[in-house]
Every structure is written in structure tokens, then in C-alpha cells.
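Thanks for coming, everyone. Let me put the structure up, and then I'll walk you through it.

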Amino acid sequence: MSRRRPPATLADTAAAIACRAGLVATIVVGAVLLRDSTRAGRLDTAGVWDERSARSLFDKLGDAGRAAYVRFYERPLGDMLFPACYAAWLGGALWRACPPNRRLLAATPLVAAACDFVENVSVLALLGAYPAWDGSHARLALRFGPLASAGKWMCLAATAMLLL
């Protein structure tokens, strides 16, 4: 005797589409980002960073490297798009994996993406103000950028644990 699945709701269908489209977009944008990453490193992949590590990296990059870093964020398939891609993919996957009474957990990748956007804006603010980080935008970026980075990685780790 076969068990029939209940009909899919609109939310379930949207989650399935977001999961598939997000996965494809994540692969495409991720491949472009990986190809164009600076060899010296990036703050957003460091996991934990502060003013000293940011200044050290920006010094090491030089003028041309810092300009390339800005382009890394600002171009159409740049790092400002990547969080939306993985949020759709992972959010859709969690929506489909979680029982209906725990679907709020599907928002975890959305929180990670929001933290990633704050992190990206913070890095751009620091790049724009370098080397003088005494202005209010740079001070805010130094305060919230590292926190956003930590939040992003914690939410992505929680997402991975939920999907396992």
C-alpha cells in the first residue's frame, strides 16, 4: 500500500524553486568570486577580524589590490549578490527539510545573508576611508563589521547542522 504525499502548498513549491534556483546561482556566482579572489586574502573569509587585521590586509594589498577588492563587491556578479543566492538555496532547503512546526528555522540562512550584507558594506566603508579610519562611517564599520562576520559564520554553521 503506497502512502500518498499531501499536495504541495504554494510555500512548498516556492521553497523548492528557491532551493534549486539558489543552488545554481550560488554555484555560478561562487565560481566567479573564487576566480577573482585576491591572493592576499579577504576579511569576509577570515571568520574573525578586527582593525589590526583589516589594516594589515589593506596594507598588503596596496592601491591596486584595494581597488580590485572594491570591484569584487561592486560588480554585477560580486559579493553583494552572493548572500542572496545562498540564502535562497539554504532557506529553501531548510524549509523543505524542517517539519511544519519548525519552519521558522528556515530563516537562519536569511539572518546569515543579512549579516553578510552588513559585513560587505563595512568592508567597503573601510576600503573607501583607508588609511584614515577616524570618521564615523569607518568607526561604525569597525564596530559592526566583525560582529556581522561572526554572526554570518555562526548562522551558516547552524544551517549546516540543521541540514545534517
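Start at glycine 145. Glycine 145 is buried, because its relative accessible area is 0%. You will find this glycine in helix H5. Now look at leucine 43. Along the chain, glycine 145 and leucine 43 are 102 residues apart. In space, their C-alpha atoms are separated by 9.5 Å. What does glycine 145 touch, once neighbours within four places in sequence are left aside? The contacts are Trp49, Glu119, Ser122 and Leu140.

A word on the model before we go on. It is predicted.

Now the whole chain. There are five helices and zero strands. Read along the sequence, the pattern is α-α-α-α-α. The C-alpha trace spans about 70 × 30 × 25 Å along its principal axes. The chain has 164 residues, and 40% of them count as buried. Next, take the contacts with a separation of 6 or more: 74% of these are between residues 24 or more positions apart.

Back to one of those glycine contacts, tryptophan 49. Again, leave aside neighbours within four places in sequence. Tryptophan 49 is then in contact with Leu43, Ala54, Glu119, Val123, Leu126, Ala141, Leu142, Gly145, Pro146 and Ser149.

Tryptophan 49 also belongs to the largest nonpolar core, which has 18 residues. Which residues have the most contacts inside this core? They are Leu43, Trp49, Phe58, Tyr69, Val123, Leu126 and Trp133. Helices H2 (51–74), H4 and H5 each give two or more residues to the core. H2 gives the most, with seven residues. Another core lies apart from this one. That other core has seven residues, among them Tyr86, Ala87, Ala113 and Cys155.

Tyr86 and Ala87 take us to helix H3. Both are buried, and so are Pro83, Cys85, Leu90, Gly91, Gly92, Ala93 and Leu94. Let's check the length of H3. The helix covers residues 82–97, which is 16 residues. At 1.5 Å a residue, H3 should therefore span 22 Å. The end C-alpha atoms are 22 Å apart, so the two values agree. One general reminder while we are on helices. An α-helix has 3.6 residues a turn, so residues three or four places apart point the same way.

On to helix H4, where we find threonine 108. Is threonine 108 buried or exposed? The cut-off for buried is under 20% relative accessible area. Threonine 108 has 14%, so it is buried. Beyond neighbours within four places in sequence, threonine 108 is in contact with Leu94, Cys155, Ala158, Thr159 and Leu162.

Follow the chain past H4 and stop at proline 131. Where is proline 131? This proline is in the loop between helix H4 (108–129) and helix H5 (136–163). Look at the peptide bond from tyrosine 130 to proline 131. That bond is cis, with omega near 5 degrees.

Last stop, the second largest pocket. How much space lies in it? About 210 Å³. Twelve residues line the pocket, and the closest to its centre are Arg42, Thr45, Phe82, Lys152 and Trp153. Helices H1 (10–36), H3 and H5 each give two or more residues to the lining. H5 gives the most, with three residues. By class, the lining has five nonpolar, two polar and five charged residues.

That's the tour. Over to you.

How values were computed:
Residues numbered from 1 in each chain as written. Predicted model: local features only at pLDDT ≥ 70, side-chain atom pairs only at ≥ 80, totals over all residues. Heavy atoms only, no water. Helix = DSSP H or I, 4+ residues; strand = E, 2+ residues; numbered from the N terminus. Expected span 1.5 Å × (residues − 1). Buried < 20%, exposed > 50% of the residue type's maximum accessible area, 1.4 Å probe, protein only. Core = buried A, V, L, I, M, F, W, Y, C linked by side-chain atoms within 4.5 Å. Contact = heavy atoms within 4.5 Å. 1 Å grid on protein atoms, 1.4 Å probe; cavity = no way out; pocket = protein on both sides within 12 Å on 5 of 7 lines; lining within 4 Å. Points joined across faces, edges and corners; volume = space filled by probe spheres on them. Nonpolar A, V, L, I, M, F, W, Y, C, P; charged D, E, K, R; others polar.
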